[in-house]
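Colleague: I am new to this structure and would love a close look at a single part of it. Please pick one helix, walk me around it, and then show me how the rest of the chain fits in.

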Amino acid sequence: MIGISFYLQDPHAETQIKHAADLGVKRAFTSLHIPEEKGELVKRMISLLKLSESCGMEIHADISIKTLNHLGISKFTDLWRLGIKGIRLDDGFDKETVISLSKVFSLSLNASTLNEDELLAVLGGGVEPENLIAWHNFYPRPETGLEEEFFHEQNQMFMKYGIPIFAFIPGAGSKRGPIHEGLPTLEKHRLMNPYAAGIELFQHVEGVYVGDQGTENNLLENLTAYKNRNILTVRAESRLLQSRQYELRPDVSQDVFRLQNTRVTANVEPNNTIARSLGSITMDNDGYGRYRGEVQICKRDLEANHRVNVIGRIIEEDIPLLSLLKPGQTIKLIIE
């Protein structure tokens with residue numbers, strides 16, 4: 001599943017919610033204990049929650065033991081009447097409170113900090129695994145995002161008990177303040193193309209949420225196309241190709257991705273038969289006979305071949321997407 005994030009002091013939150021809903025995104029995350037958020041928080045929250053409900057959006061909120069004072073409410077169950085159906089617990093909640101809240105809300109545990117003894121204590125209190133979500137933190141400050149090995153170790157623990165896992169990728173375009181350095185779960189994703197980060201996360205978790213409010217550059221459109229129709233969108237430069245969808249062959253070649261139904265009967269004269277680097281887009285010329293016209297994308301650096309024309313390349317920011325392509329997958333090339 002795909003989710004967005006909105007924040008109480010983001011002036012564009014309404015637009016973000018409507019845009020996501022129009023694309024069929026039905027889940028959203030917000031935080032109710034950000035120290036920098038001040039002012040008429042409750043009034044703003046009610047307004048955004050009403051809009052979200054009208055758009056069919058299910059809201060999960062991050063709360064801490066400071067949330068009550070932060071919002072000026074008397075008890076956590078007051079959040080239910082405000083329209084919040086799921087809560088994600090930050091540190092500081094004892095086992096009894098966790099179990100009590102699980103009877104009212106859809107409950108998300110902090111997947112980045114919880115250890116197995118603490119998880120077993122929750123499960124031992126009568127909370128069923130299928131009623132829980134293991135939800136990782138996001139990390140605003142550079143250098144503090146999760147190490148990949150630790151991330152996978154935590155995930156293994158939750159998978160053992162059948163608990164679904166959610167995590168965050170940074171936004172595209174505008175980043176949440178006050179640091180404005182992205183909100184990823186994994187540190188390796190902070191400066192990565194957010195779309196590539198999202199596709200990578202889908203290999204390991206059930207829910208991918210955009211941590212920042214920014215979803216520019218068709219981030220949500222591309223993520224939903226991948227999740228719903230298995231279409232991976234890759235941007236490229238080429239003077240010969242036009243933007244369109246291709247199918248990859250189901251058999252896996254060692255050195256290249258082969259695009260099906262690209263061969264031609266017309267002549268393809270040798271041209272630009274230079275060395276091929278990772279991400280080069282090529283076309284077989286007349287030197288390969290019946291293979292002429294076949295379009296390929298290089299998985300690694302290859303030597304020049306007088307029978308292969310270099311006709312373009314994947315843009316540098318999208319190179320990480322190549323490692324995520326699967327046999328028989330649909331690839332949508334966007335020529336820029």
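**Helix 7 and beyond**

Modeller: Let's begin at a small landmark: just after helix 7, Gly162 adopts a positive phi of about 70 degrees. Please keep in mind that this is a predicted model.

Now step back into the helix itself. Helix 7 covers residues 148–160, which makes 13 residues. At 1.5 Å a residue these should span 18 Å, and the end C-alpha atoms are 19 Å apart, so the expected and modelled lengths agree. Which residues of helix 7 are buried? They are Phe151, Gln154, Asn155, Met157 and Phe158. These residues sit on the same side of helix 7, because they cover an arc of only 155 degrees around its axis. Their packing partners are helix 6 (116–124), strand 6 (132–135), strand 7 (165–169) and helix 8 (194–202). Turn the helix around, and the face away from that buried side shows you the exposed residues Glu149, Gln156 and Lys160.

Next, look at the loop that leads from strand 6 to helix 7, where you will find Glu143. Its backbone deserves a glance. Most residues other than glycine have a negative phi. Glu143 is not a glycine, and yet it has a positive phi of about 80 degrees. Glu143 counts as exposed because its relative accessibility is 67%, over the 50% cut-off.

Following the chain onward, we come to the loop between strand 7 and helix 8. His180 is found in this loop, and it is another non-glycine residue with a positive phi, here about 60 degrees. With 48% relative accessibility, His180 counts as partly exposed. Pro178 has its place in the loop between strand 7 and helix 8 too. Most peptide bonds are trans. The bond from Gly177 to Pro178, however, is cis, with omega near 5 degrees.

That loop is also joined to the helix that follows. Glu200 and Lys188 meet through their side chains in a salt bridge, at 3.1 Å from N to O. Glu200 belongs to helix 8 and Lys188 to the loop between strand 7 and helix 8, 12 residues apart, and the pair links distant parts of the chain. The two ends differ in how they are covered: Glu200 is buried, at 15% relative accessibility, whereas Lys188 is partly exposed, at 37%.

From here we can visit a few other places where polar and charged side chains find partners. In strand 5 (residues 106–110) you will find Asn110, which is buried, with a relative accessible area of 4%. The side chain of Asn110 makes a polar contact of 3.0 Å with the side chain of Asn137.

Further along the chain, Glu294 and Arg258 form a salt bridge, with their closest N and O atoms 2.7 Å apart. Glu294 lies in the loop between strand 12 and strand 13 (295–298) and Arg258 in strand 11, so this pair ties together parts that are 36 residues apart in sequence. Glu294 is buried, at 3% relative accessibility, and Arg258 is buried as well, with 17%.

Arg276 offers a contrast. It is placed in the loop between strand 11 (256–258) and strand 12 (280–284). Arg276 is buried yet has no salt bridge, and the nearest side chain of opposite charge, Asp284, is 6.5 Å away. What does lie 2.6 Å from a polar atom of the Arg276 side chain? That is the backbone oxygen of Glu303. Beyond its sequence neighbours within four places, Arg276 is in contact with several residues, including Thr282, Cys298, Leu302 and Val308.

Finally, let's zoom out. The whole chain has nine helices and 15 strands, and its C-alpha trace spans about 75 × 40 × 35 Å along the principal axes. Of its 336 residues, 53% are buried. Among contacts with a separation of 6 or more, 75% are between residues 24 or more positions apart. The whole structure holds 18 salt bridges, and some charged residues go beyond pairs: Lys75, Asp78 and Arg81 are linked in a network of salt bridges.

Methods: Residues are numbered from 1 along each chain as its sequence is written. Side-chain values use heavy atoms; hydrogens and water are left out. Helices (H or I, at least four residues) and strands (E, at least two) are DSSP runs, numbered from the N terminus. Buried means under 20% relative accessible area, exposed over 50%, partly exposed in between (1.4 Å probe, protein chains only). Lys and Arg count as positive and Asp and Glu as negative; His and the chain ends are not counted. A salt bridge is a side-chain nitrogen of Lys or Arg within 4 Å of a carboxyl oxygen of Asp or Glu. A polar contact is a pair of N or O atoms within 3.5 Å; within protein, one must be able to donate a hydrogen and the other to accept it, and residues adjacent in sequence count only if both atoms are side-chain atoms. Contact means heavy atoms within 4.5 Å. The expected span of a helix is 1.5 Å times one less than its number of residues. The arc is that of the directions from the helix axis to the C-beta atoms.
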